[in-house]
Amino acid sequence: MKLAKRILPLLLAGLLALSTAACGGNNSESSSSQSSSSSSSESSSSQETSSDESSSEASEQETNDSGYENQVELSWYKEGITGQEINYDGDAWGQFWQDKFNVKFDLTAATMDDSDWNERLRIWINSGDMPDVAHWGFNYGELADYARQEAVYRFPDDWKERWPNVAKTQAFVPGAAVAEENLGGTYVLFRSIFVNNRPAERLSYHALLYMRKDWMEACDVEIKDTYSPSELEEIAKKFKEQDPGKVGSQLVPISIRTYDVPKIYPGTVFPESINIGDGYYKDADGKFQWAPADPRTLEGLKKYQNLYQSGLLDPEFYTLTRFEGTEKFYIGGTAGIVLDDGMGYMIQSRMQHGLQTNLGLDPEKALHIAQLVGEDGKYYYRQDMNFYGSIIFSPDITDEQFERAMDILDFCSTPEGQEVCNMGFEGEDWERDADGEYVSLLPNEITGNAKSILGSKYPSADTQFGGVILGDDFQFVTPNYTKETRDTIKKFYQLRDEISDDSSLLPREYDYEFFSSRTKTQANMSLDEEYAQLILKEGDLEANWNAWVKEKMQLVQPLLDELNAN
């Protein structure tokens, strides 16, 4: 389709899109209430693994025999790879992909902040100038608009037969089928979190508490697996009063960014208050309600404000970017408690490596990892939708470019592709022991400016273009993380499942999340930002909250009426 044919309606759609916060931060943290159909697909997928692999290998052999006659250049937009030189000609890992698929990558990097990653992409899409392949945080309302305006590529109807390994990954994301049915076709690939190595039946968000163990011991704090908000406050008070790290005026007892503080308050008081990012949930009668207007949210906000005003929460929390709060822990050494990703890269590559390299501390003595729970000992949040971000394609991508990109993604979704993506090359970077377990042949250290062990040898691996299976899945089997790290991650996934129920680990509201209307777009807001502004605002919090609810309900009530009429 020609640009002139698209540009006017896109500009109109863009006015709405720019006022809508993309889900990159909020919805990407999404969750997966595993429906019976999802469970069924997982079971059947496991039974069909060997046949899928066989057909994949046969297909790959055929492709290799025929080769790719024409070299294709793909412009590819990817978040989370900033700060590194992108050079796929510089090492064997990057060259492997170029040689195998006769492709040249033109990678553009973005940070993981919505204002950079998703906002740039919105501008490109609305101007008809998006890259061939783009990672996107995903927002269903925006996707529906893009699909209507033909602003993103619609997959051919037979794509699942052509690229079965990619199709298999989508079966583990319940929302994929919902989006496809609602839109009448496929316009997006969800980046699955777990496909081959699911850690628990009900999936939860992986955020963990990272605490200075040496400070805790100096203050006679009990070391255990879970801490409630009141316990965290008591620990933070001891840090503040006793300054066990001797950091003086730079001491920050708790350093957590705006986006994550609501997981403590009001989330552990009333989990619906942070449900699906903007607080909509179904009550016992099956009717949608807006949790921020509930007095229980106000109760949680009062605790939030007290945490801040007491000097326990970082005074700069509302200005912290993605990793700034956490970096005060493992780089600056001034923070005592942080809340961040409970993944291998965070535990081993940032926390353990950072404490040792930046602060000269022994991680065994300085780092304690725990789970945030409510005052009743339950885990509170929402079930995970089993994806983080998505991949969309330009409507102007050629058939050859699309097919080459999908061939790459399909290979990445095979066992062999996962091994190359996560460990490098068999016989050179890893091997299997007598029991069939992976054994790394790489030095167990991160060197130079690398972000990972694999990146220490192959810098291009730290700027990986990214497939449709996230590294979360392979982190349970990769030898590039220690067994202790792998076991820690799995332990907390299983613990969250054990200490939660449907009243604390909330099911997804697909009827809301995959609902699109002008009313919903107008009512959209970022609750983390709204809550922060409320607790920082001068005057009485309750009076400010009442005025805020009254103002917001002018937009929210029409949406509630629309949702409950369906």
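This report describes charged contacts, aromatic contacts and a surface patch in a predicted model.

**Salt bridges**

The model holds 34 salt bridges. Three of them are set out below, each with the distance between its closest N and O atoms.

| Acidic residue | Basic residue | Closest N and O atoms |
|---|---|---|
| Asp114 | Arg122 | 3.8 Å |
| Asp260 | Lys263 | 2.6 Å |
| Asp429 | Lys457 | 2.7 Å |

The pair of Asp114 and Arg122 joins residues with unlike surroundings: Arg122 is buried because its relative accessibility is 1%, whereas Asp114, at 25%, counts as partly exposed. Both residues also belong to a network of salt bridges that links Asp114, Glu119, Arg122 and Glu142.

In the pair of Asp260 and Lys263, the acidic partner Asp260 has a relative accessibility of 5% and therefore counts as buried. Its basic partner, Lys263, has a relative accessible area of 7%, so Lys263 is buried as well.

The salt bridge between Asp429 and Lys457 has its closest N and O atoms 2.7 Å apart. Asp429 lies in the loop between helix H17 (415-423) and strand S14, while Lys457 lies in helix H18 (residues 453-457), so this contact ties together parts that are 28 residues apart in sequence. With a relative accessibility of 1%, Asp429 counts as buried; Lys457, at 35%, counts as partly exposed.

**Aromatic pairs and a cluster**

The count of aromatic pairs comes to 47. One of them brings together Tyr153 and Phe155, whose ring centres are 6.2 Å apart; with 55 degrees between the planes, the pair is tilted. Tyr153 and Phe155 are both buried.

A second pair is made by Trp430 and Tyr438. The centres of these rings are 5.3 Å apart and their planes stand at 90 degrees, so the arrangement is edge-to-face; an angle over 60 degrees places a pair in that class. Trp430 is buried, as is Tyr438.

Aromatic residues also gather in a group of several members. One aromatic cluster is formed by Tyr68, Trp76, Tyr88, Trp93, Phe96, Trp97, Phe101, Phe105, Phe411, Phe425, Tyr458 and Phe465.

**A negative surface patch**

Acidic residues form a patch on the surface. The members of this negative patch are Glu416, Glu426, Glu431, Asp433, Asp435 and Glu437. Among them, Glu431 is part of strand S14, which covers residues 430-432. Glu431 has a relative accessibility of 38% and therefore counts as partly exposed. Residues enter such a patch only with over 30% relative accessible area and without a salt bridge, and the value of 38% for Glu431 satisfies the first of these conditions because it is over 30%.

**A buried leucine**

Leu143 is located in helix H6, which comprises residues 140-148. With a relative accessible area of 0%, Leu143 is buried, since the term applies to values under 20%. Leu143 and Leu183 are 40 residues apart along the chain, and their C-alpha atoms are separated by 9.0 Å.

Key. Residues are numbered from 1 along each chain as its sequence is written. This is a predicted model: local features need pLDDT of at least 70, side-chain atom pairs count only at pLDDT 80 or more; totals for chains, interfaces and linings use all residues. Side-chain values use heavy atoms; hydrogens and water are left out. Patches are made of residues with over 30% relative accessible area and no salt bridge: like charges are joined within 9 Å, nonpolar side chains (Val, Leu, Ile, Met, Phe, Trp, Tyr) within 5 Å. Accessible areas come from the Shrake-Rupley method with a 1.4 Å probe; for residues, only the protein chains shown count as cover. A salt bridge is a side-chain nitrogen of Lys or Arg within 4 Å of a carboxyl oxygen of Asp or Glu. Lys and Arg count as positive and Asp and Glu as negative; His and the chain ends are not counted. The place of a charge is taken as NZ of Lys, CZ of Arg, CG of Asp or CD of Glu. Helices (H or I, at least four residues) and strands (E, at least two) are DSSP runs, numbered from the N terminus. Buried means under 20% relative accessible area, exposed over 50%, partly exposed in between (1.4 Å probe, protein chains only). Rings of Phe, Tyr and Trp (its six-membered ring) pair if their centres lie within 6.5 Å; planes under 30 degrees apart count as stacked, over 60 as edge-to-face and the rest as tilted.
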